[in-house]
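I sat down with this model today to see how its pieces fit together. Here are my notes, in the order I looked things up.

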Amino acid sequence: MGSMDRPKKRGSLLKKALLHFALCFVMGFLSGFAPRSTATLFSGRRPEHPLPAAPTKAVGRLVVNSTVEIPGSSSGRGQGSHDDPPPPLEVAGAREPQSPSQRLLIVVTTTRAGDRLQGALLRRLAHTLRLVPPPLLWIVVQHDADALATAAVLRTTGVMYRHLTFKENFTDPAVEADHQRNVALSHVEYHRLSGIVHFAAASNVYDLQFFDGIREIESFGTWPVAVVSTNKKRVVVDGPTCHSSKVKGWILKDLSNDKRLPVTGTDMNPKPPKINISGFAFNSSILWDPERWGRPTSLPDTSQDSIKFVHEVILEDETKLRGIPADCSKIMVWHMTRGIPLPIHH
């Protein structure tokens, strides 16, 4: 009985083996007709061309690009309570002297609501700033309602930035622009960002040598700006006249009809009411250490208006100003306007 069952078992095992072989052969044959794929859901492989992350240039411990919502009280000098100590210094070397090439450039750009060209202008300015040797921090200030689209642009620029937003509404563009500058200066003061501050309009065009020049500034610097109205074909040169980096006077010369750049005595003024907002830069420590520059620690009507405070400090003593370049004979900043009144001082 046992001897008769053995052949049956062997036959059954052979049939199972043949069936298994046949199934494997059929599956292998059919899989040859399936389309090939470089990445599957389960393969764990990444796409061949992932979207690049925006590179971040680090300055000391300040390495994170960010969008920061500023509360309504931020327009004053000294964001937060004056009783609270400021946060730790964020920029390496802020407590010790730095060579000019290592100085942080703090470039502040304000924005205008409803400007259809704003994204393109910010990208163009970003391409310029990417060519400037680090360290450089770009502070862009904007109304909260328009911040999302701009934040997406800034993340792809490759420039280290801070995107500050605010919620106040304004009817006067000049008042809003000064508010935005105060928001930026409050941020610089509160975080003790030690460097050279320059206000760069999104429409500005630069000679790259300009940025090397303003890094040489110890306290305050100024230079001539060419204000260009493309629609009206008008050019106005606004700024200082200098001798060996010393400011000797100020000009506001319309070159639309007079193409001669040499300045005569009738073109010069002893002192302007204000300096073109893109025509000066200053050491940020004036915001939290005014005594270093010969100013009292508290003055009426300046504690809530940083930009006014800076203007007053610059204009009260021209001996503090450094002309850039040394003879102020070269235009390195062009401010472009589009058929609106030339913003000479705002």
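**Entry 1: a strand and its partner**

I began with a single pair: H143 has F166 in β4 as its bridge partner. This is a predicted model, so I read every value below as computed. Widening the view, I found that β3 and β4 run parallel and are joined by six bridges.

Is β4 enclosed or open to the outside? I counted six buried residues out of six, so β4 is largely enclosed by the rest of the structure. I then checked the two faces of β4 separately. Y161, H163 and T165 lie on one side, R162, L164 and F166 on the other, and all of them are buried.

**Entry 2: the loop before β3**

Next I stepped back to the loop between α2 (118–130) and β3, where V132 is found. I looked up the relative accessible area of V132 and got 3%; under 20% counts as buried, so V132 is buried. I also noted a partner far along the chain: V132 and F211 are 79 residues apart in sequence, yet their C-alpha atoms are 7.0 Å apart in space.

**Entry 3: the cores**

Which residues have the most contacts inside the largest nonpolar core? I listed I106, I139, L185, F199, F280, F282 and V310, in a core of 34 residues. Several elements supply at least two residues each, among them β2 (105–109), β3 (136–143), β4 (161–166), α4 (173–190) and β12 (280–283). I marked α6 as the element that gives the most to this core, with six residues.

I picked L185 for a closer look. Setting aside neighbours within four places in sequence, I found L185 in contact with V197, F199, F282, L287, S306, I307 and V310. I also noted a second, separate core of 29 residues, which includes L136, L154, A202 and F210.

**Entry 4: two helices that cross**

Some of those contacts pointed me to a helix pair. Two packed helices are described by the angle between their axes and the distance between the axes. For α4 and α6, I read axes that come within 8 Å and cross at roughly 85°. That makes α4 roughly perpendicular to α6.

Which residues meet here? From α4 I have D178, R181, N182 and L185, and from α6 I have S306, I307 and V310. By kind, the residues of this contact divide into three nonpolar, two polar and two charged.

I then asked how covered α6 is, and found eight of its eleven residues buried. Those buried residues are S306, I307, F309, V310, H311, V313, I314 and L315. What covers them includes α4, β5, β7 (220–222), β12 and β13 (321–323).

**Entry 5: the six-stranded sheet**

Strands of a sheet pair through backbone hydrogen bonds, either parallel or antiparallel. I traced an open sheet of six strands in the order β6-β14-β8-β9-β10-β11, with mixed pairing. Its edge strands are β6 (204–206) and β11 (268–269), each pairing on one side only.

I started inside, at β8 (residues 225–229), where five of five residues are buried. Both faces of β8 are covered: V225, V227 and S229 are buried on one side, A226 and V228 on the other. On one flank, β8 pairs with β14 (residues 333–337) in the parallel sense over four bridges, and S229 stands opposite T337. With β9 (residues 234–243), β8 pairs in the antiparallel sense over five bridges; here V225 has D238 as its bridge partner.

I looked at the turns as well. β8 and β9 form a hairpin with four residues between them, and K233 in that turn has a positive phi of about 50°. β9 and β10 form a hairpin too, with two residues between them; S244 in its turn has a positive phi of about 55°.

Moving along the sheet, I found seven of the ten residues of β9 buried. Eight bridges join β9 to β10 in an antiparallel arrangement, with H243 standing opposite K246. I finished at the edge: β10 and β11 run antiparallel with two bridges, and W250 has N269 in β11 as its bridge partner.

Notes:
Residues numbered from 1 in each chain as written. Predicted model: local features only at pLDDT ≥ 70, side-chain atom pairs only at ≥ 80, totals over all residues. Heavy atoms only, no water. Core = buried A, V, L, I, M, F, W, Y, C linked by side-chain atoms within 4.5 Å. Buried < 20%, exposed > 50% of the residue type's maximum accessible area, 1.4 Å probe, protein only. Contact = heavy atoms within 4.5 Å. Axes fitted to C-alpha atoms, helices over the stretch in contact; angles between N-to-C directions. Parallel < 35°, antiparallel > 145°, perpendicular 65-115°, else oblique. Nonpolar A, V, L, I, M, F, W, Y, C, P; charged D, E, K, R; others polar. Pairing = 2+ DSSP bridges.
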